[in-house]
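This briefing goes with the sequence and structure shown here. Please read it with the model open.

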Amino acid sequence: MAMAVPKLELRALGNTGLKLSSVGFGASPLGSVFGPVSESDAVASVREAFRLGINFFDTSPYYGGTLSEKMLGKGLKALGVPRNEYIVSTKCGRYLEGFDFSAERVTKSIDESLERLQLDYVDIFQCHDIEFGSLDQIVNETIPALQKLKEAGKIRFIGITGLPLDIFTYVLDRVPPGTVDVILSYCHYSINDSTLEDLLPYLKTKGVGVISASPLSMGLLTEFGPPEWHPASPELKSACQAAAVYCKEKGKNISKLAMQYSLSNKNISSVLVGMNSVKQVEENVAAATELALFGKDQATLAEVEAILKPVKNQTWSSGIQRS
């Protein structure tokens, strides 16, 4: 008899009442951001994700210049299931043509996104990469505009995203409690950088749900290594490469190890990872399933952590400098 596969764990997201699958579907690759993805592959990967218990899908109008939202919309429509069975998050403020966090732009943005996604509402609407805007504008103009969209029923919850961790405390200390429901942080809960951990108790006191993206550190923790444009230092890149080689020699996969490392902190509601094929979906879910059944591979993890120790928590700046 085949062993029953445990369903993906569902975790509460802050005070929202939402329960997210521990693995979330990052839809940026559906925008052909990392190479072309056909519509049939996009639809198939969304379908397989849902079948395997992933209920959380994250996109943005910025990904592939609106293509990701359109592809995700087609994938979700093809599921043919009631709308309350999946959770969708999209973003505003960052577009192919640049950043615009004005009340007017974000209000228009939700209607454009809903049309592309073929939805009546999104569960979470997030200000995208706020470090590139004015944080005071986010506090005084953008978030109040999003609250109106919440009252209008177009969005259910409000979030903020970005790379530097101090942007979250800046905003959350300046908005009324309960205004911001969710933060999405990336590249700060991976084997090489776990600085998000220090912020978790604070976020809990604020009642804010936590989503962590990029458990593979934008490609650092993979056998192929990061893309050319990756902002990490040469020293960080070579340490990660050494760790990947070590895993491979031991017959292990650094990406699976990295995924399991990120998944093992239950205070993070969902680990978002980009997926653009049925195979990638299956690998990510398998990493979670295996973790649930057998726990972390402590021995390999300890070795990898030792290799990465000299570069631990070495971060990089977001790229475009704030003016």
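The notes below cover two helices and three single residues. The model is predicted. Helix H3 spans residues 103-117, and helix H8 spans residues 254-263. The single residues are Ser 190, in a loop, Ala 244, in helix H7, and Asp 58, in strand E4.

**Helix H3: length and faces**

- The 15 residues of H3 should span 21 Å at 1.5 Å a residue, and the end C-alpha atoms are 21 Å apart, so the two values agree.
- Buried residues of H3 are Arg 105, Val 106, Ser 109, Ile 110, Ser 113, Leu 114, Arg 116 and Leu 117.
- Viewed down the axis of H3, these buried residues lie within an arc of 165 degrees, and therefore line one face of the helix.
- An α-helix has 3.6 residues a turn, so residues three or four places apart point the same way.
- Glu 104 and Glu 115 are exposed, on the other side of H3.
- After H3 comes Gln 118, which has a positive phi, near 60 degrees.

**Helix H3: packing**

- The partners of the buried H3 residues include three helices or strands that precede H3 in number, namely helix H2 (67-79), strand E5 (87-92) and strand E6 (94-95).
- Strand E8 (122-127), helix H4 (135-151) and strand E9 (155-162) also pack against the buried residues of H3.
- The axes of H3 and H4 are 9 Å apart, and the two helices pack at an angle of about 35 degrees.
- The crossing of H3 and H4 is right-handed.
- On the H3 side, this contact is made by Ala 103, Val 106, Thr 107 and Ile 110.
- On the H4 side, Glu 141, Thr 142, Ala 145, Leu 146 and Leu 149 take part.
- Val 106 and Ile 110 are thus named both among the buried residues of H3 and in its contact with H4.

**Helix H8**

- H8 is mostly covered, with nine of its ten residues buried.
- The buried residues are Ile 254, Ser 255, Leu 257, Ala 258, Met 259, Gln 260, Tyr 261, Ser 262 and Leu 263.
- These residues pack against strands E1 (10-12), E3 (23-26) and E12 (270-274), and against helices H7 (234-249), H9 (278-294) and H10 (298-308).
- The N-terminal end of H8 is capped by Asn 253, a side-chain oxygen of which lies 2.6 Å from the backbone nitrogen of Ser 255.

**Ser 190**

- Ser 190 sits in the loop between strand E10 (182-186) and helix H6 (196-205).
- Ser 190 counts as buried because its relative accessibility is 0%, under the 20% cut-off.
- A polar atom of the Ser 190 side chain is 3.4 Å from the backbone oxygen of Pro 215.
- Beyond four places in sequence, Ser 190 touches Ser 214, Pro 215, Ser 217, Leu 221, Tyr 261, Ser 262 and Lys 312.
- Of these, Tyr 261 and Ser 262 are among the buried residues of H8.

**Ala 244**

- Ala 244, in helix H7, has a relative accessibility of 7% and so counts as buried.
- Beyond four places in sequence, Ala 244 touches Thr 222, Glu 223 and Ile 254.
- Between Ala 244 and Pro 215 there are 14 Å in space, C-alpha to C-alpha, and the two are 29 residues apart in sequence.

**Asp 58**

- Strand E4 (residues 56-58) holds Asp 58, which is buried at a relative accessible area of 3%.
- The side chains of Asp 58 and Ser 89 make a polar contact of 2.6 Å.
- Residues touched by Asp 58, beyond four places in sequence, include Phe 25, Gly 26, Tyr 63, Lys 91, Gln 126, Leu 184 and Leu 272.

Note on methods. Residues are numbered from 1 along each chain as its sequence is written. This is a predicted model: local features need pLDDT of at least 70, side-chain atom pairs count only at pLDDT 80 or more; totals for chains, interfaces and linings use all residues. Side-chain values use heavy atoms; hydrogens and water are left out. Helices (H or I, at least four residues) and strands (E, at least two) are DSSP runs, numbered from the N terminus. Buried means under 20% relative accessible area, exposed over 50%, partly exposed in between (1.4 Å probe, protein chains only). A polar contact is a pair of N or O atoms within 3.5 Å; within protein, one must be able to donate a hydrogen and the other to accept it, and residues adjacent in sequence count only if both atoms are side-chain atoms. Contact means heavy atoms within 4.5 Å. The expected span of a helix is 1.5 Å times one less than its number of residues. The arc is that of the directions from the helix axis to the C-beta atoms. Axes are lines fitted to C-alpha atoms, for helices over the stretch in contact, and angles run from 0 to 180 degrees between N-to-C directions. A crossing is left-handed if the near helix is turned anticlockwise from the far one by less than a right angle, and right-handed if clockwise.
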